Amino acid sequence: TEDADRALAMRSLCSIAAILSEHRDELTKLDMPIGDSDHGINMDRGFKAVVDLLPSLEDASASEILKRAARAVISHVGGSSGPLYGVVLRKLSAAVRREGALSIQSLADGLEAGLAGIEELAGGSPGDKTMIDAMVPAIESLKQSLASGIDAQEALQLAADAADGGAEATIPLIARKGRASYLGERSVGHKDPGAASFALCMAALAHSA
Ligand code: ADP
Ligand code: MG
Ligand code: MG
């Protein structure tokens, strides 16, 4: 129902904000050797702004909540991850509006559209050592779960595990996009911070469903 979806959207965003806050220093440390040491600070600031917004959205639909969250993230994150996470939230909002419900289907469709949005906005592709490398396996996992018909909780946990595997798999890659790409081969041996934060967001969804 509308009310259940609104509550789930709010709970999910709060859960994402909590996990990003808890892992803020770890994400910032990942951004130290291959970036500018701000990813955890950026993400924590952005999603704190989202949580601050929620009390004013009591009457909003789940889709509207996601749209407002996108705007808050874009205006508060500051780093290049702001517009990238912003486009993902905007596409999730559109998928939920189109499909009329928050579901594994709308999550899979929204993330897939968000991935296309990131590729269009920032020109990255799979294998470039970015958040895309955590998104692709998560989307694939959600699609497989939809095909096999397992329940939502299990589907979210599998997708979170897949995202985590994708983030780990960025370690040996040479960065081709973002600040880490300035380091070329010296970026090898470090996990991409954006892939790590995306995996944390998926873990938060698995915990809040
Ligand atoms: P900044 O690099 O501006 O300081 P952040 O540190 O908050 O921004 O975010 C860095 C993360 O953003 C990277 O780890 C990467 O996952 C993601 N990112 C940066 N550029 C791109 C891009 N062109 N395509 C996809 N993801 C990108
Ligand atoms: Mg940074
Ligand atoms: Mg920065």
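These are my notebook entries on a predicted model of a protein chain with a ligand.

**Entry 1: ground rules**

I number residues from 1 along each chain as its sequence is written, letter chains from A and number ligands from 1 in the order in which they are written. The model is predicted, so to speak of a local feature I need pLDDT of at least 70, side-chain atom pairs count only at pLDDT 80 or more, and totals for chains, interfaces and linings use all residues.

I checked confidence before anything else. The protein chain averages a pLDDT (the predictor's confidence in each residue, from 0 to 100) of 97, and 100% of the residues score at least 70. The model has an ipTM of 0.99 and a pTM of 0.98. A reminder to myself: where pLDDT is low, predicted coordinates should not be read in detail.

**Entry 2: the core**

Which residues touch the most other members of the largest nonpolar core? I found A138, A163, A199 and M202, in a core of 60 residues. By nonpolar core I mean a set of buried Ala, Val, Leu, Ile, Met, Phe, Trp, Tyr and Cys residues joined through C-beta atoms within 7 Å. Buried means that 20 or more other C-beta atoms lie within 10 Å of a residue's own; 12 or fewer is exposed, in between is partly exposed, and the C-beta atoms are placed from the backbone.

Helix α9 (residues 193-208) gives the most to this core, with 10 residues. For helices I use DSSP runs of H or I with at least four residues, and for strands E runs of at least two, numbered from the N terminus.

I then followed A163. Leaving out neighbours within four places in sequence, A163 is in contact with A134, P137, A138, F198, A199 and M202. Contact here is two C-beta atoms, placed from the backbone, within 7 Å.

**Entry 3: three helices**

I compared helix lengths with the expected span, which is 1.5 Å times one less than the number of residues.

- α9: the 16 residues should span 22 Å, and the end C-alpha atoms are 23 Å apart, which agrees. This helix is mostly covered, with 13 of its 16 residues buried.
- α7 (residues 132-148): its 17 residues reach 24 Å from first C-alpha to last, close to the 24 Å expected. Its buried residues include I132, M135, P137, A138 and L142. I found α6, α8 (152-168) and α9 among what covers them. Just after α7, G149 takes a positive phi of about 75°.
- α6: its 19 residues reach 26 Å, close to the 27 Å expected. Among its buried residues are S106, D109 and G110, as well as L107, L111 and L115. The cover over the buried residues of α6 includes α5, α7 and α8. G123 follows α6 with a positive phi, near 75°.

**Entry 4: positive phi outside glycine**

Most residues other than glycine have a negative phi. I noted two with a positive one. K129 has a phi of about 65° and sits in the loop between α6 and α7. S37 has a phi of about 55°, in the loop between α2 (24-34) and α3.

Are these two buried or partly exposed? K129 is buried, because 28 other C-beta atoms lie within 10 Å. S37 is partly exposed, because its count is 14.

**Entry 5: L102 in its loop**

L102 lies in the loop between α5 (81-99) and α6 (104-122). L102 counts as buried because it has 26 other C-beta atoms within 10 Å. Not counting residues up to four places away in sequence, L102 touches D5, L8, A9, A62 and V96. D5 is 97 residues from L102 along the chain, yet their C-alpha atoms are separated by 5.9 Å.

**Entry 6: around ligand 1**

Which residues come nearest to ligand 1? They are G79, A122, G124, G178 and G194, out of 24 around the ligand. I count a residue as near if its C-beta atom, placed from the backbone, lies within 6 Å.

The shell divides into seven nonpolar, 11 polar and six charged residues. For this tally, Ala, Val, Leu, Ile, Met, Phe, Trp, Tyr, Cys and Pro are nonpolar, Asp, Glu, Lys and Arg charged, and the others, Gly among them, polar. α3 (39-53), α5, α6 and α9 each supply at least two residues, and α9 gives the most, with three.

Last, I looked up S81, in helix α5. S81 is buried, because 24 other C-beta atoms lie within 10 Å. Beyond its neighbours within four places in sequence, S81 is in contact with H39, N42, M43 and G194.
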